[in-house]
Amino acid sequence: MRMPVFSRTKRWLALLGCVLLSSILLSACGDEASTSILNTAGPVAADEKVLFYVVVILAAVIFLGVEGWLVYSIFRFRERPNTPTPYQNHGNLFLEALWTGIPTVVLFILLFFTIRGLLQVAPEAQPKDANTVSVVAVGHQWWWEFYYPKYNITTADELVIPAHTTIHVDLFSNNVIHSFWVPNLTGKTDLIPGHDNTKWFIADKNGTYTGLCAEFCGTQHGNMRFDVKAVNTDSFQSWISTQQQTAAAPGDSLAQQGQAIFKNQCSTCHGIVGVDVTQFYNPQQFCNDSLGPGHNYPTTDVHCLIGPNLTHFGSRGLIAGGVLTNNSQACNPTDPNIMKDCHLAQWLNDPQGIKPGNDMNIGQLTTGQIRQLVAYLEGLK
Ligand SMILES: [Cu+2]
């Protein structure tokens, strides 16, 4: 006698429907192309993607094979009225060798691709490229600082690099553990206080890639983003020479008043080359005194300022770890209503409201002071 299981088409259609529906739900994750590890723009991320696919495909084949067989057997060989005890095959040497052998082979395949991946992205595999650009990436709570030793410049929130060029990164933190991650370009490497890691990557295409902190480092960990801007070599060189200049002088009287406020109220934490500091400093060299967890740079040391260097703030696209964009076109310093659309004004008005717990603790500024500061800071191209 045959049970009518496979003829219950409705049940199977319902099951199929669920499977298709869940695949739609799961595929929704693929939209964020700028932070997808599958949308690679350089060799390091591409090598890592191969490993990802090897693991996913192997695991999927095993999962579908085992589960499919299981589900099939449950239906096909389930107990029916009057079925005799099935044939017992435990102790079958051939079968036991088979299901010891197959997993071993699978694991060795994974081991091979894992070791190959490790060797491909290891510091030792960094290409010998005469044009290599070195950067010290510093993890703060909660923003990224980038120092270029060869050019002696410092920036924040934005890592500008030449495309088709090896980028060597020294990762440095003197507070807690952070993790440097640019999904389109390279996997994660931790910044560990007292143990400076290094990494390298290359961008094959011009473009702006999202960078993230991938290690929980405090309440504003999610607002510790940065942009990697890969540009052609000429643009990179001209960007460097602009960054090497001392800060632009205030353009008008509003900006002049803004500079005065900066000197008065902001220079304890921020540096502007040519105003309160004379040059950029290598944080890895000057700020390596480990203060232990919970501390950023000492506020009193002129070499190690607690906030981002603002010398060329007006040329940057992000504010405070990407919590806001620097939408300078919406910032008209003569507009009494500046707070409505100008993100820099909003930040200066209420840094703790926008990014609770961050290290920028200041007294309330008046709208007039904010307009003066916006005039000054947005002029620092
Ligand atoms: Cu972090």
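Between which two strands does the loop that holds Ala-320 lie? The loop runs between strand E11 (318-319) and strand E12 (324-325); strands (E, at least two residues) and helices (H or I, at least four) are DSSP runs numbered from the N terminus. The model is predicted, and local features need pLDDT of at least 70, side-chain atom pairs count only at pLDDT 80 or more, and totals for chains, interfaces and linings use all residues. Residues are numbered from 1 along each chain as its sequence is written, and side-chain values use heavy atoms, with hydrogens and water left out.

**View 1. Ala-320 and Asp-157, two loop residues with positive phi.** Ala-320 has a phi near 50 degrees and is not a glycine. Its relative accessibility is 14%, so Ala-320 counts as buried (under 20% relative accessible area; exposed is over 50% and partly exposed in between, with a 1.4 Å probe and protein chains only). Asp-157 sits in the loop between strand E3 (153-156) and strand E4 (158-162). Phi of Asp-157 is near 65 degrees, and this residue is buried at a relative accessible area of 3%.

**View 2. The copper ion and its protein donors.** His-178 (ND1), Cys-213 (SG), Cys-217 (SG) and Met-224 (SD) lie 2.1 to 2.6 Å from the copper ion. Donors are N, O and S atoms within 2.8 Å of the metal (3.2 Å for Na, K and Ca); water is not among the atoms, so sites may look incomplete. The angles among the four donor atoms are 92 to 125 degrees and the site is tetrahedral, a term for four donors with all angles between 85 and 135 degrees. Along the chain the donors follow the spacing H-x34-C-x3-C-x6-M. His-178 belongs to strand E6 (residues 178-182) and Met-224 to the loop between strand E9 (207-213) and strand E10 (226-231), so the pair ties together parts that are 46 residues apart in sequence. Both His-178 and Met-224 are buried.

**View 3. The cis peptide bond between Gln-141 and Trp-142.** Omega of this bond is about 10 degrees. Trp-142 is in the loop between strand E1 (133-140) and strand E2 (143-148).

**View 4. Helix H2 (residues 43-76) beside helix H3 (residues 93-121).** The helix axes come within 9 Å and cross at roughly 170 degrees; axes are lines fitted to C-alpha atoms over the stretch in contact, and angles run from 0 to 180 degrees between N-to-C directions. H2 and H3 are therefore roughly antiparallel, the term for angles over 145 degrees. Contact (heavy atoms within 4.5 Å) involves residues including Leu-51 and Leu-58 of H2 and Ile-109 and Phe-113 of H3.

Terms used:
Four donors count as tetrahedral if all angles lie between 85 and 135 degrees; four count as square planar and six as octahedral if opposite donors are over 155 degrees apart and all others between 65 and 115; anything else is irregular. Angles under 35 degrees count as roughly parallel, over 145 as roughly antiparallel, 65 to 115 as roughly perpendicular and the rest as oblique.
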